[in-house]
2 protein chains.
Amino acid sequence: MTWLKDDERIDYLLADQKRRIIQSPSVFAFSADAVLLAHFTYLPIKKGKIIDLCTGNGVIPLFLSKRSQVEMVGVEIQERLFDMAKRNVSLNGLEEQIKIVHEDLKVVKKQFPHENFDLVTCNPPYFKEGTPDKMNINEHLRLARHEILCDLEDVLKASSQLVKSGGKVSLVHRPERLSDMFHLSAQFKLEPKRIQLVYPKQTKEANMLLIEFVKDGQSGLKVEPPIFIHEENGDYTEEMTRILYGEEGTSTHGAHSEKL
Amino acid sequence: MTWLKDDERIDYLLADQKRRIIQSPSVFAFSADAVLLAHFTYLPIKKGKIIDLCTGNGVIPLFLSKRSQVEMVGVEIQERLFDMAKRNVSLNGLEEQIKIVHEDLKVVKKQFPHENFDLVTCNPPYFKEGTPDKMNINEHLRLARHEILCDLEDVLKASSQLVKSGGKVSLVHRPERLSDMFHLSAQFKLEPKRIQLVYPKQTKEANMLLIEFVKDGQSGLKVEPPIFIHEENGDYTEEMTRILYGEEGTSTHGAHSEKL
């Protein structure tokens with residue numbers, strides 16, 4: 001079997017020498033957002049079912065499968081990425097655990113009419129459609145980054161339809177959308193329970209927001225300790241190094257840092 | 001003139017050797033919340049008007065008067081605290097700049113029917129009425145800390161009535177109320193523009209939220225760099241020391257730290 005198409009390459013999934021991932025600079029390559037969402041998410045370990053929306057090349061299910069044995073579904077609307085995600089599942093021999101579905105998240109509930117997921121994860125497009133300085137990229141990246149095929153409301157609505165009452169929805173997004181997020185989530189009975197802010201450096205404004213909702217949850221929000229990506233000198237912080245590469249440290253995996 | 005009543009004492013306003021403040025352990029003594037709110041707040045310096053709701057002993061206007069020449073009003077519903085705040089203004093010779101009003105914030109707009117403030121500040125009661133483990137304190141402290149005489153909705157409603165379009169509202173509150181805050185502020189046309197989270201230590205959950213709204217503002221939220229109060233060993237962090245005592249350092253003011 002030929003694993004790779006066009007400019008694709010196979011990387012290790014960070015420090016994980018067992019899992020590998022097919023990526024492409026022009027189509028989809030995972031970023032720190034995906035790593036941090038996987039790290040932030042509480043998940044069922046032995047029983048239950050997880051669904052990942054906007055799965056891209058399937059990076060979130062691949063990360064979560066390191067910590068959990070439960071069945072996972074990844075949903076991707078772009079045919080080219082769906083195809084990459086499927087190959088990633090096969091490449092890692094995870095066909096029994098992870099199923100990739102080629103579908104629009106706005107209608108994906110129809111495929112799971114009687115299923116209620118324990119956890120929904122999503123690293124959705126961040127930028128409002130038409131944000132000018134970011135539109136000058138190719139179609140695949142544009143659709144993955146901008147709210148063209150789906151927006152925050154679609155993501156929260158779909159999540160709410162898919163998750164069971166008391167189940168969790170974990171997202172990564174931009175901090176400037178926090179207000180929108182709180183207003184929209186209330187419409188779909190998703191109660192924000194836990195947030196964590198990510199700052200490029202300790203002295204900079206936050207540029208990433210991790211947030212967990214509970215469907216039909218009680219009000220009451222916890223703000224987790226902050227995460228800083230870099231030290232003032234530009235090195236990864238100790239914490240970020242641990243999140244990226246585990247306890248082993250970076251020595252043999254330095255090359256991966258360029259992708260993030 | 002006799003400045004002090006009952007168990008009151010006069011403290012310096014932290015490192016400020018010019019400003020002094022009357023406090024009482026059983027009635028009202030300012031805390032780190034007030035210091036951090038004053039530090040967080042953007043304020044008009046030469047022109048404009050500021051109103052501080054739930055002013056207590058007037059600590060916020062006293063702090064702000066170090067950075068601004070504009071007229072300020074402090075509003076306090078408790079007669080005993082109103083009286084203390086007035087004496088604090090006199091003690092510092094600030095009667096020309098700061099006016100203290102004995103009023104319920106829910107109706108205070110009637111006293112300023114034609115005035116639109118540039119800035120509203122408020123360090124309101126944090127705890128929902130009836131929170132059991134915190135109710136076992138005297139009446140003055142209970143009213144200052146619990147949502148008995150006013151709740152978050154009252155505070156945001158009053159702030160919105162008092163502030164001009166485009167003007168700012170700065171609050172300190174508990175992070176767990178962030179969701180309530182976003183829902184209520186939308187009702188009163190207050191757009192969250194800037195937040196800052198305060199953590200007791202870098203590895204702990206946030207326990208304080210600073211938030212600035214703009215009346216009729218555009219959406220778009222900035223999350224400022226976090227503030228940590230203590231190092232892991234319990235010392236104040238460098239930043240907190242600077243906020244509390246200015247550039248001079250703590251050497252001669254260490255005694256004040258016990259209050260915070």
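## Exercises on a predicted two-chain model

B:D6 sits in the segment of chain B that precedes strand 1 (9-13). The model is predicted.

**Exercise 1.** Determine what is unusual about the backbone of B:D6 and of B:K189, and state whether each residue is buried or exposed.

*Solution.*
1. B:D6 is not a glycine, yet has a positive phi of about 45°.
2. Its relative accessible area is 70%. Exposed means over 50%, so B:D6 is exposed.
3. B:K189, in the loop between helix 6 and strand 8 of chain B, also is not a glycine and has a positive phi, of about 60°.
4. With a relative accessible area of 54%, B:K189 is exposed.

**Exercise 2.** Establish which residues of helix 1 (residues 32-40) of chain B are buried, and what follows for the helix.

*Solution.*
1. The buried residues are B:A32, B:D33, B:A34, B:V35, B:L36, B:L37, B:A38 and B:F40.
2. That is 8 of the 9 residues of the helix, so helix 1 of chain B is largely enclosed by the rest of the structure.

**Exercise 3.** Examine A:D33 and find which side chain of opposite charge is nearest.

*Solution.*
1. A:D33 belongs to helix 1 (residues 32-40) of chain A.
2. A:D33 is buried. Beyond its neighbours within four places in sequence, A:D33 contacts A:N123, A:Y126, A:V172 and A:M208.
3. The nearest side chain of opposite charge is that of A:R174, 6.3 Å away.
4. A salt bridge requires a nitrogen and a carboxyl oxygen within 4 Å; A:D33 has no salt bridge.

**Exercise 4.** Describe helix 5 (residues 152-162) of chain B: its start, its buried residues and what they pack against.

*Solution.*
1. At the start of the helix, a side-chain oxygen of B:D151 comes to within 3.1 Å of the backbone nitrogen of B:E153.
2. Buried here are B:L152, B:V155, B:L156, B:A158, B:S159, B:S160 and B:L162.
3. An α-helix has 3.6 residues a turn, so residues three or four places apart point the same way.
4. The buried residues pack against several elements of chain B, including strand 3 (49-53), strand 6 (117-122), helix 6 (178-187) and strand 9 (208-215).

**Exercise 5.** In helix 5 (residues 152-162) of chain A, locate A:D154 and list what it touches outside its sequence neighbourhood.

*Solution.*
1. Leaving out residues up to four places away in sequence, A:D154 touches A:L105, A:K106 and A:L149.
2. A:L105 is 49 residues from A:D154 along the chain, but their C-alpha atoms are separated by 7.7 Å.

**Exercise 6.** Work out how chain A and chain B are related, and characterise their interface.

*Solution.*
1. A turn of 180° with a shift of 0.0 Å along the axis lays chain A on chain B, with an RMSD of 0.0 Å. That is the relation of a two-fold axis.
2. 100% of the interface residues of chain A are also interface residues in chain B, so the copies meet through the same surface.
3. The contact involves 25 residues of chain A and 25 residues of chain B. The area buried between them is about 2,100 Å², of which 63% comes from carbon and sulfur atoms.
4. A:F182, A:E205 and A:V223 supply 23% of the area that chain A buries against chain B, more than any other three residues.
5. The rule finds 2 salt bridges across the interface. In one of them, A:K222 pairs with B:E205, the closest N and O atoms being 3.4 Å apart.
6. On the side of chain A that touches chain B, helix 6 (178-187), strand 8 (190-199) and strand 10 (222-223) each supply at least two residues.

How values were computed:
Residues numbered from 1 in each chain as written. Chains lettered and ligands numbered in written order. Predicted model: local features only at pLDDT ≥ 70, side-chain atom pairs only at ≥ 80, totals over all residues. Heavy atoms only, no water. Helix = DSSP H or I, 4+ residues; strand = E, 2+ residues; numbered from the N terminus. Buried < 20%, exposed > 50% of the residue type's maximum accessible area, 1.4 Å probe, protein only. Lys, Arg positive; Asp, Glu negative; His and termini not counted. Contact = heavy atoms within 4.5 Å. Polar contact = N/O pair within 3.5 Å; in protein donor to acceptor, adjacent residues only side chain to side chain. Least-squares fit on C-alpha atoms with pLDDT ≥ 70 in both. Buried area = accessible area lost by both parts, 1.4 Å probe.
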